[in-house]
Amino acid sequence: MPNHGAYPLRSLEDLQAVAELGRQRISPAQPKIMIGMATCGQAAGATEVLEAVREVVAQDKLPYVVSETGCIGWCSQEPLLDICIPGRPRVTYGRVTPARARQIIRALPEPKPQWALATMPGDENTLTGYYTSYLAGEDTPLRGVKSYRDLPLFKRQLRIVMRNCGLIDPASFEEYIARGGYTALWQALRTQTPQQVVDGVTKSGIRGRGGAGFPTGRKWQTVREAPGSPKYVICNADEGDPGAYMDRGVLEGDPHSVLEGMTIGAYAMGASEGIIYVREEYPLAVARMKDAIRQSEVAGLLGANIFGSGFGFTVRVVTGAGAFVCGEETALIRSIEGKVGEPQQRPPYPAVRGLNGKPTCINNVETWANVPVIIARGGEWFASIGTPGSKGTKVFSLVGNIENTALIEVPMGTTLAEIVYEIGGGIPGNRECKAIQTGGPSGGCIPASKFNLPVDYDSLTAAGSIMGSGGMIVMDDHTCMVDIAKYFLGFLEDESCGKCFSCREGTQRLKEIVQRISEGHGVDEDLVLLEELSWMVREVSLCGLGQTAANPVLSTLRYFREEYLEHIHHQRCPAKVCRQLITFAIDPVTCNGCGACVQVCSGKAILGEKNKLHTIEQAHCTKCGACMDICKFDAVTVN
Amino acid sequence: MPQSELGQIEPLLQEFDNTRANLIPILQQIQATCSYLPQEALRRVARKLQVPLSDVYQVATFYRCFSLKPRGKHLVQVCLGTACHVRGGQKVLERTQVETGVDAAGTSADMQFTVEAVRCLGCCGLAPVMRVDKTTFAHVEQTKVRGLLTRYRPRKPATSEAEKTPAVPAESTLVHGGDHA
Amino acid sequence: MPTLTMNGITVEVERGTTLLEAAQFLGLPIPTLCHEDGLAPYGGCRLCVVEVVNGAKKSLQSSCTYPALDGLQVFTHSARVEKARRLLVELYVATCPQSKRIQDLASAMGVRQVRYDAKHEHCIQCGLCVRMCEQQMMAGAIGFSGRGLHREVTRPFDTTSDTCRQCGACLYICPVCELRCAGPDAESTLCNGCLNISTACFQTYDNAMCSLDPCHACEIDGPFRADVRVKLQPQIEFPVLAKK
């Protein structure tokens, strides 16, 4: 990071100067090419696209700026490439291959609308409203290309947490400031007392975004009042819920928003040290965060005497070592202390006795990222969004069997139907939506018939699931609910720390019973036993993991009991998933003997020569379904 | 434990203070350097930090990123997150195990591959997902696994072996983009 | 000093007291498998759960680890607690049916069925031996390894430990390595009568030199004992059991 001579930043004017530099980076005078380089983008091939773009620009000596950006959340269209030409709308291209990228670059300034996905108002990037609404801003349309404001995926979104994701270069401190970053910190440190900051957060009504939904203001107040020094603030980025990746999105796309939130929180609570606990599966997030910390230290926004206020704060990154249970706050603390992640009895709560026995405030990534906005725009503004019990917005990862797999941020209270059918665009392949799984392994499955449910903490809990960290996995009618219950129990029996007998043994036994049912050996009494055992595991276990471990079973039993009964009474799996209950066969009429299935069969169970009818030898069939996946003629059937 | 590994570990241990909180970072460093945690290394860590060996052993076996056995040259992580599960992650895992020929402990006899299931790599939008070393692959279907692993296999002169394992159809070697079923 | 009520009795305790200690002070019997005086509370067996009313929240908490806080209302044997304990003990019997201590608990609580397949584990991971070794013997020779279903008590690397002095304290404190009576029908998961206080053993085996403590199982009558061939001695007083 170049030193602009203004460091350390001491005043609002200093910030403004950096913001001006940032604005020039965001909207340079030359055309700018942006590539989404979050982990998901890279997995989809963004690295190769970036290389190709750099190559073309260098080869042809083009006067273009090439920049990386985070994830805008349009996962199904990755890798994404954006072209920003001064005075024109930003144009987004999806599923870009290196070859296509070269074509697009070489065609500039002609925008190639036939390949474009959408356009975004050019000034959106530099707005500093502390949120992103795709409905704002003037748009100059590109013929035949929809604007973000008209796309169902984006138009309902209100982005507070993800306000900068996909709009700025996450490695650029200046661009973050250009979008209003660190003014909230200045405001808090120089114009408010710590108690005023806590009051602002309390007034906002924000509840913890990590899953349990504890009121953040109340937690801060407790830590603030708790005796002991030093105090710690921790950012919980051990995003372990399978199917949830919003924390990764924020850490990779806008790391400074988390840092700013933590610094404000530390000031409010009188903490002097911060720790960001990131899971090791997110190497890019770790790197981005460490970079951001270094930049802030250079700029004097971390360290001693921030903004000349006398307040000092340091942050370090701790990498997790791979344990789902460490998302539980007491286990997380144990892990930072170098011990195994076994949850501890609460009370005493970490707010009173946490890391090294000192008062500790643990909040989730999303919660921290909300803080600067709450300070900048005021608690009342934040509280005006959402429902009476759940304020603000929530980021959801919409994945599974859905048309638009995406990271979305919507106001609390948006219904599941709106999320799945409008924003998510429904289920691909004309299939029927069966259920949505929320809250990870601690959550539950909500059936399609309940989709008018508004998404907030209390409604989801009442429906037998939880908000959790915000993963939403959409399941179509090819998903077996018994199999899903078995899947989560397999997850939990492995990820339970194993200390409580009820959780360790309970999850194993639950899985044993569900497994038996999935194999067609279940009896009616098994369902009673499942319910009783689930009840016991929930009541008796110590931590959140154990107490919610039975939720996947209980919720599927509650809404999909007939499916269990079908397995028990008729040894039939309606979704045709449970391997012991299905058989594959080749339709003699449709099979043209292409031989693709013979080659791919994992059990060498398919017989037949080229151009002759193939048959499956059932005794050797492993039921992997590879033949069905590869067959282009739909000749493989399952029953 | 080979002398060379010991030689790498000693200077590494010097970098850390003798506080308990450093236990996991130290183990992570050893794991990154040796690709596993050698027994002797754990003993030295215990002595350095003045922690019972049983504690170090417990930590080393509790967390998933540590391995007490040497890992193969390439670490193949197949994601079994929920999104990957509903899109066939389990089948991808099984297919990967078959293709690499790993044993129950997850490592192939030629030490080329270690296959493990992981709980969510956070790329659920691109499910099913698989990570080989540091590269993440999107939309991995079971029929694509063989083609995908080819580049990680040791190069061999063309033998009859190659004929026996027929190539998967061309499009299945496509890793990126394209097929968004 | 915190003042709380237990089963309606008001009790004042010192700061730092646990609910289990408070209950023991009042003479309320709370079953446990992982608690031993002189060792740090652990909270792993979950048998000692009690119902805690803290403000608007009612929950089950392990009494050995939960602090006795001011204003708590505690119920040590409420219906919810009893039901949970009974289901828990059923699971314990299925895991470790050869343990006399667990069979005794099952009998005393009126567990009348075991609906799981028996596992015959040798360990319930109560952690007593680990804590004994570390906290009383200052050896730290054994510990846990793994997590979840792979968790077990081991020596590091499964080899002879340098720090183990073979004092045997771990064996001494283990709650499940005392075998149940191998009387008739010992094959079944749930002990249907360790018959050492009746004459059954003597009817079956001439030299049944049984020295085990009387089992609770033998003191209870009921429909689940239909297969017991021996009539119980009439002078035995039956403990009161909740009949459902």
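## Two interfaces, worked through

Chain C and chain B bury about 1100 Å² between them, with 58% of that on carbon and sulfur atoms. Keep in mind that this is a predicted model.

**Exercise 1.** Work out which residues of chain C lose the most area to chain B, and find the salt bridge that joins the two chains.

*Solution.*
- Start with the contacts: 14 residues of chain C touch 12 residues of chain B.
- Now rank by area on the chain C side: C:Arg147, C:Pro156 and C:Phe157 come out on top, together making up 54% of what that side buries.
- Next, look for charge pairs. The count is 1 salt bridge, and B:Arg43 meets C:Asp162 at 3.6 Å, N to O, inside the 4 Å cut-off.
- Polar contacts add up to 3 residue pairs, both partners at pLDDT 80 or more.
- Strand β6 (residues 143-145) gives the most to this side of chain C, with 3 residues.
- Sort that side by type and you get 5 nonpolar, 6 polar and 3 charged residues.

**Exercise 2.** Do the same inside chain A, for domain 1 (23-150) and domain 2 (181-383).

*Solution.*
- The C-alpha centres of these domains of chain A sit 32 Å apart, and 11 residues of domain 1 contact 11 residues of domain 2.
- Together they bury about 880 Å², 54% of it on carbon and sulfur atoms.
- On the domain 1 side, A:Thr39, A:Tyr130 and A:Tyr131 supply 53% of the buried area, more than any other three residues.
- The rule finds 1 salt bridge across this interface; A:Arg288 and A:Glu68 pair up at 3.4 Å, N to O.
- Helix α2 (residues 39-43) of chain A brings the largest share of the domain 1 side, 3 residues.
- By type, that side splits into 6 nonpolar, 4 polar and 1 charged.

Note on methods: Residues numbered from 1 in each chain as written. Chains lettered and ligands numbered in written order. Predicted model: local features only at pLDDT ≥ 70, side-chain atom pairs only at ≥ 80, totals over all residues. Heavy atoms only, no water. Contact = heavy atoms within 4.5 Å. Buried area = accessible area lost by both parts, 1.4 Å probe. Salt bridge = Lys/Arg side-chain N within 4 Å of Asp/Glu carboxyl O. Polar contact = N/O pair within 3.5 Å; in protein donor to acceptor, adjacent residues only side chain to side chain. Helix = DSSP H or I, 4+ residues; strand = E, 2+ residues; numbered from the N terminus. Nonpolar A, V, L, I, M, F, W, Y, C, P; charged D, E, K, R; others polar. Domains from an automatic or database assignment.
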